[in-house]
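Colleague: Could you take me through the reasoning behind the labels in this model, setting each value against its cut-off?

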Amino acid sequence: MSHLENTLPSGRTDLSASNLALGPLDGRYAPVTAPLTNYLSEAALNRDRIHVEVEWFIYLCEHAVLPGLTPLTDEQKSGLRAIVTEFNADSVTELAEIEAVTVHDVKAVEYYIGRRLEALGLEHLVPLVHFGCTSEDINNLSYALGIKDAVENVWLPAARDLVQVLLDLAETGRDVPMLSRTHGQPATPTTLGKEIAVLAYRLKRQISHVAATEFLGKINGATGTYAAHYASVPGADWQAISRGFVEHLGLSWNPLTTQVESHDWQAELYSDVAHFNRVLHNLCTDVWSYISIGFFRQIPVAGATGSSTMPHKVNPIRFENAEANLELSNAVFDSLASTLVTSRWQRDLTDSSAQRNIGVAFGHSVLAISNVVKGLQRLDIAADVIAADLESNWEVLAEAIQMVMRAEAIAGTPGMENPYERLKELTRGHRVDAVRLKEFVGTLGLSAEAQERLSNLTPHTYNGIAAQLVDHAKDAQG
């Protein structure tokens, strides 16, 4: 501490003892990300380690796996499970004090539980705590439980709420015709609702992948061979016991591992969440761009400052903030997905440091989702601006005209040669208004039905079944 104090610039206050957050997820943005701390913080990991150790202890007793074991009383089981439910800030401190001596986090959990057995009349079963386990048996199950709970109780609800906001916006804009832009250039019109629905559909698809995650776990000893188990109790069916316990925790059993549960399911999950993040990033850049050309108006927040010097501005900061957080989230998810699937021979410790950042990856994703929701909820569709944009781009009907000419040619109508080239000559490099386009149609020699159909077509009505397509996003699973 003295070194830090000596290197502080003149006039700066030393804040190192103030217990301040180093990162924004636990500081500035803590109100948004706080729910994740129940599942993905260091304290939550230790609580879940205790949960796994306690449940393993009870499971071994209930199934009388070892000679001399008998089922516990209801009072003893309740007392053991209370070690988990009563885990609090004092427990965190006590664990830290034990770990300062053991210099091993899981061993500290074992001793922490052992201290509490005498009060339950179970002091003779202290050796049963952590029986047959390597630390990774406890860790892999604890991480699986924490990640599963974080996904199901925090991330998925937030993602689904976002999609619902998108679907509501898509429904509002279902029948609002809008000029498309492919390669940034005016293109065949669509509806605003259909374009929002495309993003909702894509996000729903990734949500369905995340929701289908198989959370795997193992409890099979130091190198995954059950060697210590069979050495101590050779008559037990340890594979059946392992599978029963893992499934008892609500996880899927991985039957074949080294010391490390292979973490493939984690890599798959993180890839799916990262894909969701990338689609959401696409949404942010699209909506930001629509705001910039006036298709959306942002509803000012009373008392809020848009720009420190330009009072007329309402900046699209929610979407910009989300972009940055999605990029940070994916940087960590991508690193986790590539790091966790590799372990030297039967075990190395790279996964231990990496997994401590799982909460960071989910935190930035949840923060981004929150910002996008807030941003979307402050948007109004500027139908007048969108309509004016369509009205100034009649040349987009060139596609319709040339396709009708092709159909007419196939039907035997004479004079329909080279439709693409004729429309290119008419439209490329300059604007064509309604009058000029209708005059051109009148000179083509189309059948009466085709000419009437084209004469009635406008940029506002040339959007196919865009409005109906919104229903695909509403009906999709996610």
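Modeller: Bearing in mind that this is a predicted model, let me start with helix α9, which covers residues 192-211 and has 20 residues.

Colleague: What makes the reach of α9 close to the one expected?

Modeller: The expected span is 1.5 Å times one less than the number of residues, which for α9 comes to 28 Å, and the helix reaches 29 Å from its first C-alpha to its last. Among the buried residues of α9 are Leu192, Ile196, Leu199, Leu203, Ile207 and Val210, and the list also includes Lys204 and Gln206.

Colleague: Why is α8 called roughly parallel to α12?

Modeller: The axes of α8 (residues 135-172) and α12 (residues 264-292) come within 13 Å and cross at roughly 20°. Angles under 35 degrees count as roughly parallel, so α8 is roughly parallel to α12. The crossing of these two helices is left-handed, and the residues that meet there include Val151, Trp155 and Leu162 from α8 and Leu269, Tyr270 and Phe276 from α12.

Colleague: How do you know that Ser142, which is in helix α8, is buried or exposed?

Modeller: Buried means under 20% relative accessible area, and Ser142 has 1%, so it is buried. Leaving aside neighbours within four places in sequence, Ser142 is in contact with Leu45, Asp48, Arg49 and Val52.

Colleague: What about Cys284, which lies in α12: what makes it count as buried or exposed?

Modeller: The relative accessible area of Cys284 is 0%, and with the limit for buried set at under 20%, Cys284 is therefore buried. Once neighbours within four places in sequence are left aside, its contacts are Phe319, Ala322, Glu323, Leu326 and Val372. Cys284 and Arg428, by comparison, are 144 residues apart in sequence and 32 Å apart in space, C-alpha to C-alpha.

Colleague: Why is α18 called roughly antiparallel to α19?

Modeller: For α18 (residues 419-427) and α19 (residues 434-442), the axes come within 12 Å and cross at roughly 150°. An angle over 145 degrees counts as roughly antiparallel, so that is the description for α18 against α19. Here the crossing is right-handed, and Arg422, Leu423 and Leu426 in α18 meet Arg436, Leu437 and Phe440 in α19.

Colleague: Which annotated feature does UniProt place at residues 343-462?

Modeller: An unreviewed UniProt entry places the feature "domain: Adenylosuccinate lyase PurB C-terminal" at those residues. Over that stretch the chain is 61% helix and 2% strand, and the end C-alpha atoms are 57 Å apart.

Colleague: Why is α6 called oblique to α7?

Modeller: The axes of α6 (residues 89-102) and α7 (residues 105-114) come within 8 Å and cross at roughly 120°. The ranges for the other labels are under 35, over 145 and 65 to 115 degrees, with the rest counted as oblique, and α6 is therefore oblique to α7. α6 passes α7 in a right-handed crossing, where the residues that meet include Leu95, Ile98 and Glu99 in α6 and Ala108, Val109 and Tyr112 in α7.

Colleague: What makes the phi of Val103 worth a remark?

Modeller: Most residues other than glycine have a negative phi. Val103, found in the loop between α6 and α7, has a phi near 50°, which is a positive value in a residue other than glycine. Exposed means over 50% relative accessible area, and Val103 has 67%, so it is exposed.

Colleague: Which other loop residue has a positive phi although it is not a glycine, and why does it count as buried or exposed?

Modeller: That is Trp345, with a phi of about 45°, and it lies in the loop between α13 (317-339) and α14 (350-355). With the limit for exposed set at over 50%, Trp345 counts as exposed because its relative accessibility is 79%.

Colleague: How do you know whether Thr85, placed in helix α5 (residues 74-85), is buried or exposed?

Modeller: Thr85 has 64% relative accessibility, and since exposed means over 50%, it counts as exposed. Thr85 and Arg47 are 38 residues apart in sequence, yet their C-alpha atoms are 8.6 Å apart in space.

Notes:
Residues are numbered from 1 along each chain as its sequence is written. This is a predicted model: local features need pLDDT of at least 70, side-chain atom pairs count only at pLDDT 80 or more; totals for chains, interfaces and linings use all residues. Side-chain values use heavy atoms; hydrogens and water are left out. UniProt positions are given in the numbering used here, feature names are shortened, and annotations may be inferred rather than shown by experiment. Helices (H or I, at least four residues) and strands (E, at least two) are DSSP runs, numbered from the N terminus. Buried means under 20% relative accessible area, exposed over 50%, partly exposed in between (1.4 Å probe, protein chains only). Axes are lines fitted to C-alpha atoms, for helices over the stretch in contact, and angles run from 0 to 180 degrees between N-to-C directions. A crossing is left-handed if the near helix is turned anticlockwise from the far one by less than a right angle, and right-handed if clockwise. Contact means heavy atoms within 4.5 Å.
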